[in-house]
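Reader: I have a new model open on my screen and would like to walk through it with you. Could you show it and start with the terms we need?

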Amino acid sequence: MHEDGKSDNSIVPKKLTNKEGSALPSAESVEERELAKRNLKHQNKSRAQTRQDLQSELDRIRQVAQRSKEEKLKTLWHHVYNIERLRESYFATKRNAATGIDHETWQSYGEDLEENLQDLSARLKRGAYRAKPVRRHYIPKADGRKRPIGIPVLEDKIVQRSTVEVMNTVYEIDFKGFSYGFRPNRSAHNALDAVAVGITRKKVGWVLDADIVGFFDAISHEWMIKFIKHRISDERILRHVKKWLNAGVMEAGKVTKAIKGTPQGGSISPLLANIYLHYVFDLWADQWRKRTATGDVIIVRYADDFVVGFQHEHEAKAFLEDLKERLARFALELHPKKTRLIRFGRFAALNRKERGLGSPDTFDFLGFTHYCGRTKSGKFGVGRSTIRSRMRAKVKAIAIELRKRMHDGIAATGSWLRVVLLGHYRYFGVPENHYAMRLFRDEITRKWRTILRRRSHKTRLNWSRMGRLARKWLPWPEIYHPYPWQRLCVITRGRSPVR
């Protein structure tokens, strides 16, 4: 594979044996393969071989990054405009995603895919590529407000995805183990597991549940570029990151230039957010824990939402004050209403019981309310239940959609509701949350019955008939996720999930 992304068709790839390249002897001999007599144009276009080549390039970058965390990588851009990587990025883009300001769809771009990718690669290589403003769109939040997101044009999505893949190879070496948001092979459920296991197995008596005010809109462009320069000195990477940061937002036909922040919605935004908080929060919090804390401290971060557990109250308060000062240096601040320091854990439960008080306070994290519970054997455990406000907002949104589908057939509406419920179960289907999921299904059943009865004043849809419809179309709640310590022990393999 040449640097410009063009493949050398004069070289015929070999068929690799199962164990070639390992320390063990090959189980079978290697056999040369002749060129196919037909389809000469596509004879060496194996997608599997292409992925192998692209992965090999990333492996070489990873090796350089691992040699020294102080070393800066200077030549990465040619990996971004590699036409094979651009092609992989195109196919990884959602086919039915919303379009940007140019209204280019995945299907229309793919009609002349090879020509378009060749042109895009050439523009990236010679520096003629220009980032376009993102289209502003709003999505409703559980509290009634609307979250602004930016929708880039398709070519920006492709280039950003390709850039993220290359940059991720470098930063995955540096990122801390307690950072879970928007990282390869990590998920929100991994972060939830880490919180539950950390609080249960460490001496945690206080929990800081923190959220940063308008984080994505408050990111300083100047600091962002400084942070990236710590590891990447390729001016072409830095130049294009600046282009995406400064592209601006189009709303109501008017383009507004951005002087700070990164719009949510682009492929590059989650990585930039992680880089920013890696230097602003992760490194600092890890050093604070090692140098200042005398008791146990656990840290779990998912994007700009993080939970920190402490053994001692005075250390928890000191950390909170120091954190406010730290964030202020980088144009960030904690949300006054969403940031709380509460007594939580096995010691909190015992303390309140001895004083004749009720259950300890709860905190919300990644869609779940966490509370002090008990296992069947009577031991302390962290319980998790769907946040009630999230559930109510979801039920309300489904009710609105059901009104729009009022005159659709029962089979069509039932099939849609089945998909909605299964999606809900797959995220919220954690142990001990069965009751909340059952409640969610009951609410959806009531809303559907209400809509069906409104279709005609002569309806005879009693609860007996509705029960048969619900049993046919609405699946029962199911637990999709194992207990936290079961999955986390497999993933971390003995390493601490909160360190």
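Author: Happy to! Two strands pair if DSSP finds at least two bridges between them. Helices (H or I, at least four residues) and strands (E, at least two) are DSSP runs, numbered from the N terminus. This is a predicted model, in which local features need pLDDT of at least 70 and side-chain atom pairs count only at pLDDT 80 or more, while totals for chains, interfaces and linings use all residues. Residues are numbered from 1 along each chain as its sequence is written, and side-chain values use heavy atoms, with hydrogens and water left out.

Reader: Which residue in E8 is the bridge partner of Val207?

Author: Strand E3 (residues 206–211) and E8 run antiparallel and are joined by four bridges. Within E8, Val207 has as its bridge partner Ile342.

Reader: Which strands stand at the edges of that sheet?

Author: The sheet is open, with four strands in the order E6-E7-E3-E8 and antiparallel pairing. Two of them have a single partner strand each, so one side of each is left without a neighbour in the sheet: these are E6 (297–302) and E8 (340–343).

Reader: What angle does the direction of helix H11 make with that of E6?

Author: Helix H11 (residues 268–291) packs on the sheet, touching E6 and strand E7 (305–310) (contact means heavy atoms within 4.5 Å). Axes are lines fitted to C-alpha atoms, for helices over the stretch in contact, and angles run from 0 to 180 degrees between N-to-C directions. For H11 and E6 the angle is about 175°.

Reader: Which element gives the most to the largest nonpolar core?

Author: A nonpolar core is a set of buried Ala, Val, Leu, Ile, Met, Phe, Trp, Tyr and Cys residues joined through side-chain atoms within 4.5 Å; buried means under 20% relative accessible area, exposed over 50%, partly exposed in between (1.4 Å probe, protein chains only). The largest has 74 residues, of which Ile228, Ile275 and Phe319 touch the most other members. With 13 residues, the element that gives the most is H11.

Reader: And helix H17: which exposed residues does the face turned away from its buried side carry?

Author: The buried residues of H17 (residues 463–473) are Met466, Gly467, Leu469, Ala470 and Trp473. They cover an arc of only 165° around the axis (taken from the directions from the helix axis to the C-beta atoms), which puts them on the same side of H17. Their cover includes helix H15 (410–428) and helix H16 (434–454). The face turned away carries Arg471 and Lys472.
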